[in-house]
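Here is a friendly walk through one protein model and its ligand. Please keep the structure open as you read.

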Amino acid sequence: MIGWTATATAVTWPTAICEWSPGRPSTRPMPDQFTLADSAAQLVLKRTALRPKIGLVLGSGLGAFADSLTDATRIPYAEIPGFPRSTAIGHAGQMVIGQVTSQAGSVAVAAMQGRVHLYEGYSPQEVTFPIRVFGRMGIRAVVLTNAAGGINLSYSQGALVVIRDHINLQGSNPLVGPNDDRFGVRFPDMTHAYAKEYREIAREEAARLDIPQHEGVYAGLLGPSYETPAEIEYLRRIGADLVGMSTVAEVIAARHMGIKVLAISCVTNMAAGILDQPLSHAEVMETGERVKTIFEALLRAVLPRISADVSS
Ligand code: HPA
């Protein structure tokens with residue numbers, strides 16, 4: 001049977017979002033994601049006096065940054081209605097609202113310590129629900145971080161790469177389905193998905209901190225298996241410098257709402273076939289741990305400048 005039909009039993013929605021499968025429009029009644037995101041945002045804002053304009057999404061092995069926030073309010077995803085729960089190892093699963101302090105002062109942020117992925121079985125709408133909540137909280141810029149495989153031979157394990165653009169090979173798009181104009185337009189422009197001025201800020205701050213600077217194109221795949229060497233060769237030929245299993249859907253949803261994006265990948269491993277060795281999740285986590293300090297230093301340096309942009 002295709003889709004869902006009403007039976008005598010009442011149906012309750014466990015999460016905000018209807019079930020989804022590639023290429024098949026759902027026949028379920030769509031709950032109103034805007035209203036759900038709005039109530040989740042109100043709940044979060046009730047728990048803190050801070051009014052962050054910047055959202056952070058901390059990827060695999062990079063979540064510890066949120067532990068350093070001051071005046072922090074921690075809200076487990078389970079307490080936020082409609083929020084998906086992460087099943088991935090290395091993803092704590094809470095939103096932390098707090099201040100990032102540096103010599104340049106304090107910046108209020110809302111940080112997602114852990115994200116959910118399409119490969120966990122979540123729909124594109126579920127994956128992007130936290131970004132929708134950010135938008136309804138008044139967030140104007142997001143800094144997305146992720147672990148990625150390096151395709152560009154000039155990268156090495158542990159490199160930090162500012163994403164210049166992406167190639168969506170996830171087989172889905174979070175905007176599929178009826179468009180809610182309250183979020184944004186039907187056909188959002190993706191020409192400047194990754195704000196040029198934020199990439200420039202990241203480049204300048206990396207130079208100041210003596211962190212090697214790289215920019216690259218991120219290919220987003222579904223996962224969860226790592227790529228084959230032939231797939232990596234294909235990705236290299238179509239212009240990808242990095243490969244990963246996240247971020248793309250979040251960027252699309254953020255741009256749909258007019259939220260500006262900075263995205264930084266940590267090259268946790270060179271992609272399949274680049275070096276003659278198998279890939280492992282343990283290696284991904286180890287590299288994340290190793291570069292944590294410089295990664296956090298870079299975040300701390302860029303945030304006051306992004307804050308100046310979104311507060312003006
Ligand atoms: N491929 C896809 N996703 C990844 C990789 C990789 O090599 N490393 C970290 N995330």
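## Helix 2 against helix 5

Helix 2 and helix 5 cross in a right-handed sense. In this predicted model, their axes lie 9 Å apart and meet at an angle of about 55 degrees. An angle of that size falls outside the parallel, antiparallel and perpendicular ranges, so the two helices count as oblique to each other.

Which residues make the contact? From helix 2 come Pro124, Val127, Thr128, Ile131 and Arg132, and from helix 5 come Ala249, Glu250, Ala253 and Ala254. By class, this contact between helix 2 and helix 5 holds 6 nonpolar residues, 1 polar residue and 2 charged ones. As a reminder for reading such lists, an α-helix has 3.6 residues a turn, so residues three or four places apart point the same way.

## Helix 5 and its surroundings

How much of helix 5 is buried? For this helix, residues 248-256, the count is 9 of the 9 residues, so the rest of the structure largely encloses it. The buried residues include charged ones, Glu250 and Arg255, alongside Val248, Ala249, Val251, Ile252, Ala253, Ala254 and His256.

The packing partners of these buried residues are both helical and extended: helix 2, together with strand 1 (54-58), strand 5, strand 6 (160-169), strand 7 and strand 9. After helix 5 comes glycine 258, which has a positive phi near 75 degrees.

## Helix 1 against helix 2

Helix 2 (residues 124-137) also packs against helix 1 (residues 33-46), at an angle of about 60 degrees and with 8 Å between the axes. That angle makes helix 1 oblique to helix 2. The crossing of helix 1 and helix 2 is right-handed.

On the helix 1 side, the contact is made by Gln33, Ala37, Asp38, Ala40, Ala41, Val44 and Leu45. Helix 2 contributes Gln125, Phe129, Arg132, Val133, Arg136 and Met137. The class make-up of this contact is 8 nonpolar, 2 polar and 3 charged residues. Arg132 of helix 2 appears here and also in the contact with helix 5.

## Around the ligand

Now to the ligand. Which of the 13 residues around it come nearest? They are Ala147, Gly149, Val243, Gly244 and Ala271. The shell around the ligand is made up of 8 nonpolar, 4 polar and 1 charged residues.

Strand 5 (141-150), strand 8 (242-244) and strand 9 (260-270) each supply at least two residues of this shell. Strand 5 gives the most, with 3 residues. Strand 5 and strand 9 are also among the elements that the buried residues of helix 5 pack against.

## An exposed loop residue

Is aspartate 210 buried or exposed? This residue sits in the loop between helix 3 (196-208) and strand 7 (214-221). With 8 other C-beta atoms within 10 Å, a count that falls under the cut-off of 12 or fewer, aspartate 210 is exposed.

Along the chain, aspartate 210 and isoleucine 294 are 84 residues apart, while their C-alpha atoms are separated by 9.7 Å.

## The chain as a whole

Stepping back, the protein chain has 6 helices and 9 strands. Of its 312 residues, 47% are buried. Considering contacts between residues at least 6 apart in sequence, 80% join residues at least 24 apart.

Terms used: Residues numbered from 1 in each chain as written. Predicted model: local features only at pLDDT ≥ 70, side-chain atom pairs only at ≥ 80, totals over all residues. Near = placed C-beta within 6 Å. Helix = DSSP H or I, 4+ residues; strand = E, 2+ residues; numbered from the N terminus. Buried ≥ 20, exposed ≤ 12 C-beta atoms within 10 Å, placed from the backbone. Contact = placed C-beta atoms within 7 Å. Axes fitted to C-alpha atoms, helices over the stretch in contact; angles between N-to-C directions. Parallel < 35°, antiparallel > 145°, perpendicular 65-115°, else oblique. Left-handed = near helix turned anticlockwise from the far one by under 90°.
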